[in-house]
Amino acid sequence: MHRVGVLALDGVVPFELGIPARIFGAARSAAGEPLYSVVTCSPDGRPVRADADYDIAVTEDASVLASVDTVVIPPSHALGTIAEDGLLPEELRKVLEYVRPGTRMVAICTGSFVLAAAGLLDHRPATTHWKEAVQLQRLFTTVRVDPNVLFVDDGDVLTSAGAAAGVDLCVHIVRRDHGSAVANEVARMCVVPPWRDGGQAQFIRLPVPEASAGGTAATRAWALERLGEPLTLNALASHARVSVRTLTRRFRDEVGMSPGQWLAVQRIERARHLLETTDWSIDLVAHHAGFGTGTSLRQHLHGAVGVSPQTYRRTFRNVAELTA
C-alpha cells in the first residue's frame, strides 16, 4: 500500500490539511481494498496552531516521513522567513532530512515555498496561489513559476494552486497512479469534479464578464455529449446563439482557453478514459473521442502525455491489474 505523509506546520490551513486524507482515503481497488494510507505529522509530534480558532493534534512526529512514499505539505499562513526571505529554518531543514531520496514531494498552495526554500524546485516548473506567485518568483528566481495553472506535475515533484486546486492535484495523483476509473470513483465519492477546465486564469482574469452576457456552460455540456461528432466554432457559436468572436472571448474568460483548445483537452480525456476502460481498437477510440483517425489520435495523445495510445493503454492496464 502506498503511504502518504502529510506535514502540518504552525499556521496550517485546515481545509488543505484535510484534502490528502479525504481524497487518497477514498481510493479503492476493484476488490474494495484501500490503495493509500495517510498519516499526518508535525515537526515534533506536538499540536500545531491552525489558521483558525483551534489547534490541531497529531499522533506522529516528522520521523514518520522516513517511511512514506509521498510527502504532502499543505499551506501555512505562518511561514515567516520562508515566505519573507526565502530562508528555510534549521528546524524544518532537519525535518526534511527524514525524507528518503526518491520520495514523491507534493505541495499545496504556499507549501510550494517550503519546497522552493529546500532547493527542490530549482530549475523546475511549479505553481502556487496566484496571489503569491510574484513573491515565489521574486524569492526563488530559478523556479519556473506558472501562475495560470491549477497544478504542475513534474514527475517526482508536484505543486498546486490554492484551496480547491489541492483537490484537483490529489485526484490527478490518483489518476496517475491508478487510472481514470479509480480517480473518477474517488471524485464521485467526494462529490468533486474528476478534472476542471482551464486554470487559475479563470479566477484572476479581468474584467469579469457582465452577468447579463450569459455563459458557455450549457454549450460546453452540449459539446461533451457530442465529442465524437465534428464540432466547428460555428456550430458551438450557433448553439450559444452568439458570434464566433463572442464565443471565443467568453471561453477565454470562463475556462482560460479558446474553444478549440478546450475541445482538444476534452477529447484527449475522453480518449484516455476509453483506452483505460475498453478493448476498442485505436481507430474506434479515435472516432468516439472526435479525432477521426487513429493517426490523429496518436499525434494528439503523444503531444499531450508523451506516449502512444498503445503504450498508454498497456501502462494503465498493468496498473489496473496490480490494484485489482
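Throughout this tour, a residue is called buried when its relative accessible area is under 20%, exposed when it is over 50%, and partly exposed in between, as computed with a 1.4 Å probe on protein chains only. The model is predicted, and for that reason local features need pLDDT of at least 70 and side-chain atom pairs count only at pLDDT 80 or more, while totals for chains, interfaces and linings use all residues. Residues are numbered from 1 along each chain as its sequence is written, and side-chain values use heavy atoms, with hydrogens and water left out.

**First stop: strand E6**

Select residues 70-73, which make up strand E6; here and below, helices (H or I, at least four residues) and strands (E, at least two) are DSSP runs, numbered from the N terminus. In a regular strand the side chains alternate between the two faces of the sheet. In E6, Thr 70 and Val 72 point one way while Val 71 and Ile 73 point the other way, and all of them are buried.

Now add the neighbouring strands, bearing in mind that two strands pair if DSSP finds at least two bridges between them. Strand E1, residues 2-7, pairs with E6 in the parallel sense over three bridges, and strand E7, residues 104-108, also pairs with E6 in the parallel sense, over four bridges. Which residue of E6 is the bridge partner of Val 4? It is Thr 70, and Thr 70 also stands opposite Arg 104 in E7.

**Second stop: the aromatic pairs**

Rings of Phe, Tyr and Trp (its six-membered ring) are paired here if their centres lie within 6.5 Å, with planes under 30 degrees apart counted as stacked, over 60 as edge-to-face and the rest as tilted. By this rule the count comes to three aromatic pairs. Select Phe 24 and Tyr 36 to see one of them: the ring centres are 4.8 Å apart and the planes stand at 45 degrees, so the pair is tilted. Phe 24 belongs to helix H1 (residues 14-25) and Tyr 36 to strand E2 (residues 36-42), so this pair ties together parts that are twelve residues apart in sequence. Both Phe 24 and Tyr 36 are buried.

Next select Phe 113 and Phe 140, whose ring centres are 6.4 Å apart with planes at 70 degrees, so the pair is edge-to-face. Phe 113 lies in helix H4 (residues 111-117) and Phe 140 in the loop between helix H5 (133-139) and strand E9 (144-145), so the pair ties together parts that are 27 residues apart in sequence. Phe 113 is buried at a relative accessible area of 1%, and Phe 140 is buried at 8%.

**Third stop: two cysteines**

With a disulfide taken as a pair of cysteine sulfur atoms within 2.5 Å, the structure holds zero disulfides. Select Cys 41, which is buried with a relative accessible area of 0%, and look for the closest cysteine sulfur, which is in Cys 170 at 15 Å, too far for a bond. Cys 170 is itself buried, at 1%, and the cysteine sulfur closest to that of Cys 170 is in Cys 190, 10 Å away and again too far for a bond.

**Fourth stop: salt bridges**

Side chains of opposite charge can pair when their charged atoms come close. A salt bridge is defined here as a side-chain nitrogen of Lys or Arg within 4 Å of a carboxyl oxygen of Asp or Glu, and by this rule the count comes to ten. One of them joins Arg 49 to Asp 10, with the closest N and O atoms 3.8 Å apart. Arg 49 lies in strand E3 (residues 48-49) and Asp 10 in the loop between E1 and H1, so the pair ties together parts that are 39 residues apart in sequence. Arg 49 is partly exposed at 46%, and Asp 10 is partly exposed at 35%.

Then select Arg 124, Asp 154 and Asp 156, which are linked in a network of salt bridges. Between Arg 124 and Asp 154 the closest N and O atoms are 2.7 Å apart, and this pair links Arg 124, in the loop between H4 and strand E8 (125-126), with Asp 154, in the loop between strand E10 (151-153) and strand E11 (157-160). Asp 154 counts as partly exposed, with 26% relative accessibility. Arg 124 also meets Asp 156 in a salt bridge, at 2.6 Å from N to O, and Asp 156 is partly exposed at 38%.

**Last stop: Pro 259**

Finally select Pro 259, which is in helix H12 (residues 259-277) and is buried, with a relative accessible area of 2%. Counting a contact as heavy atoms within 4.5 Å, Pro 259 touches Leu 233, Leu 236, Leu 247, Thr 248 and Phe 251, when residues up to four places away in sequence are not counted.
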